Amino acid sequence: MEGGGSRIVVSIISVFLAFLSCASSYPALQNFLQCLPINSNPSHPISGAIYIPGNSSFESVLRAYTRNLRFTTLKTPKPLAIITALHESHVQATVICAKSHGLQIRIRSGGHDYEGLSYVSKVPFVILDMFNLRSIDVDIAKETAWVQTGATLGELYYKIATTSKVHAFPAGVCLTLGTGGHFSGGGYGAMMRKYGLSVDNIIDAQIVNVNGRVLNRVSMGEDLFWAIRGGGGASFGVILSWKIKLVRIPPKVTMFNVPITSRQGATDVVYRWQQVAPKLPGDLFIRATISNANGSITATFTGLFLGETDALLQLTNQSFPELNLTQKDCKEMSWLNSTLLVYGYPEGTSYEIFYNRTLTQGPANFYKGKSDYVKKVIPKESLEHIWKLVIKAGISFMQWNPYGGRMSEIPESETPFPHRAGNLFKIQYGMTWGLDNVTNDRIEAIRELYSAMTPYVSSEPREAFLNYRDLDIGKRSGFSKKKDLKEGGIYGVKYFKGNFRRLTKVKAMVDPDNFFVNEQSIPPSLY
């Protein structure tokens, strides 16, 4: 045993000597790498979790969870190292050592940050990759589950559904989203009108704080627990896991997908949708997606009903006859199957798509997103004007997600996510393209559309959704704490409204020196 142990120690030392030889040109990195094994659990060697540019796997690890091709160009800054944590002590060590040696960390779980803030920085930085920490423990008897933040929504949905046919969790449509960033920014999906957001159903969490300590809800306190449920966890620490409250669903749900072109009267139906969709019972969610193909607008109405077809048709015929929903449009299925169809997968897709990451890894295209909130019905003539703007901009899609239901019942200060009562729907603007040489043109086009939408959306502030990250609405320059607070207020009030002030106070309590920072993080209050 002693001889075997000695060989392991020698092997670990050899690995680190190799790392240090590659890092010798950057002293801070060398010191950081030397610090890691000292501050991690020796029973779980951290050497296998470290990747630096000299490592043959560095590029593949970096790109595996880089979902936006805008951040894969030669101009994109790269990290000095990537730590793919295999154990919670690796997270603790990364925080302690990065802080001690003046390196910034960026925390990545699913890699879906629209502006790449979870894996790109302009100052020397390391990536703390959470994708290996992905365990999910479901307790059906208590209707709860613990989920680590490296788990994807697809993995979570599959685990719940294979444990119970009548339980689910309200979260996003995209199955590759990591629960770390998705939940901490709010987390919404097709059941939000029935059960609210993901953060409205989180009852505990584990976080590594700025001192490298692991805290739960009791030890972190209610202020920090409030802040990480919608205020963006990466401003306050590293979320390790969430304890979530499962929700009850019927064994069968009903899905439909109804496209209506401009010639078929899309404008009239969208106009009526604005009036109806936010007032429907919480069991029914109808999203409207506005797309542009060859200069022609199509509005596609995608619905999830927590019930069977007959009840759905009775409801839509009475409340929304303009949709002209029929029996043949409706498909009854399990909730798990509905998550595939909402995401856009065809019927019959193998369940392997939920848990086999090799089927879904890697970026698909260049992307820029923006968001808005609408509080008043947009008139028909204005809708026609918007369609022309969409065609002119060459926008890929506008996704209109209805509010109301449970979303209107929860006070806007209950969590940092403030966009509750008073909103009819949220808009997501999406622009995709395939070649880097048109990036500037595509970004400018979506900015022009966003500007033109000003008369129809919220104002003072013009609200935005944190998980649809958009640096156009403001960012910090990092010159001083006072300037950080002023700059943070520009984007902070748009994301969090009146909750921003409380977030800055929590930040000052838990991270006064602003170690956990990015271009749109929460700055610490000065008072």
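This passage describes two sheets, the helices that pack on them, and the spaces enclosed or lined by the chain in a predicted model.

It is convenient to begin with the five-stranded sheet. This sheet is open, its strands follow the order β5-β6-β10-β8-β9, and their pairing is antiparallel. The edges are taken by β5 (136–139) and β9 (214–215); each has a single partner strand, so one side of each is left without a neighbour in the sheet. Further in, strand β8, which covers residues 202–208, runs antiparallel to strand β10, residues 238–245, and six bridges join the two. A helpful landmark for anyone following along in the structure is Ile202, which stands opposite Ile244 in β10. Helix α4 (residues 88–100) packs on this sheet, where it touches β8, β9 and β10. The direction of α4 makes about 135 degrees with that of β10. Another helix, α5 (residues 153–163), lies across β5, β6 (144–148) and β10, and runs at about 30 degrees to β5.

The four-stranded sheet comes next. It is also open, with the order β1-β2-β4-β3, and here the pairing is mixed. Its edge strands are β1 (50–51) and β3, each of which pairs on one side only. Strand β2 (residues 81–84) pairs with strand β4 (residues 125–129) in the parallel sense, over four bridges. Within this pair, Ile82 is found opposite Ile127 in β4. Helix α2 lies across β1, β2 and β4, and its course is at about 20 degrees to β2.

The helices α2 and α4 bring the two sheets into one picture, since α2 lies across strands of the four-stranded sheet, while α4 packs on the five-stranded one. Two packed helices are described by the angle between their axes and the distance between the axes. For α2 (residues 27–38) and α4, the angle is about 145 degrees and the axes are 9 Å apart. Their crossing is right-handed. On the α2 side the contact involves Phe32, Cys35 and Leu36, which meet Ala93, Thr94, Cys97 and Ala98 of α4. Six of the residues in this contact are nonpolar, one is polar and none is charged.

Attention then turns to the interior. Three cavities of 30 Å³ or more were counted, and the largest has a volume of about 130 Å³. It is lined by 13 residues, and those closest to its centre are Ala171, Gly172, Ala190, Trp335 and Thr339. Helix α12 (residues 335–343) supplies four residues, the largest share of this lining. By class, the lining of the largest cavity comprises ten nonpolar residues, three polar ones and no charged ones.

The second largest pocket offers about 980 Å³ of space. Its lining is made up of 36 residues, with Val120, Lys122, Leu471, Lys475 and Glu519 lying nearest the centre. Elements that each supply at least two lining residues include α4, β3 (104–108) and α15 (439–452). Helix α4, already met on the five-stranded sheet, thus reappears at this pocket, as does β3, an edge strand of the four-stranded sheet. The most is given by α15, with four residues. Charged residues number 13 in the lining of the second largest pocket, alongside twelve nonpolar and eleven polar ones.

Terms used:
Residues numbered from 1 in each chain as written. Predicted model: local features only at pLDDT ≥ 70, side-chain atom pairs only at ≥ 80, totals over all residues. Heavy atoms only, no water. Pairing = 2+ DSSP bridges. Contact = heavy atoms within 4.5 Å. Axes fitted to C-alpha atoms, helices over the stretch in contact; angles between N-to-C directions. Left-handed = near helix turned anticlockwise from the far one by under 90°. Nonpolar A, V, L, I, M, F, W, Y, C, P; charged D, E, K, R; others polar. 1 Å grid on protein atoms, 1.4 Å probe; cavity = no way out; pocket = protein on both sides within 12 Å on 5 of 7 lines; lining within 4 Å. Points joined across faces, edges and corners; volume = space filled by probe spheres on them.
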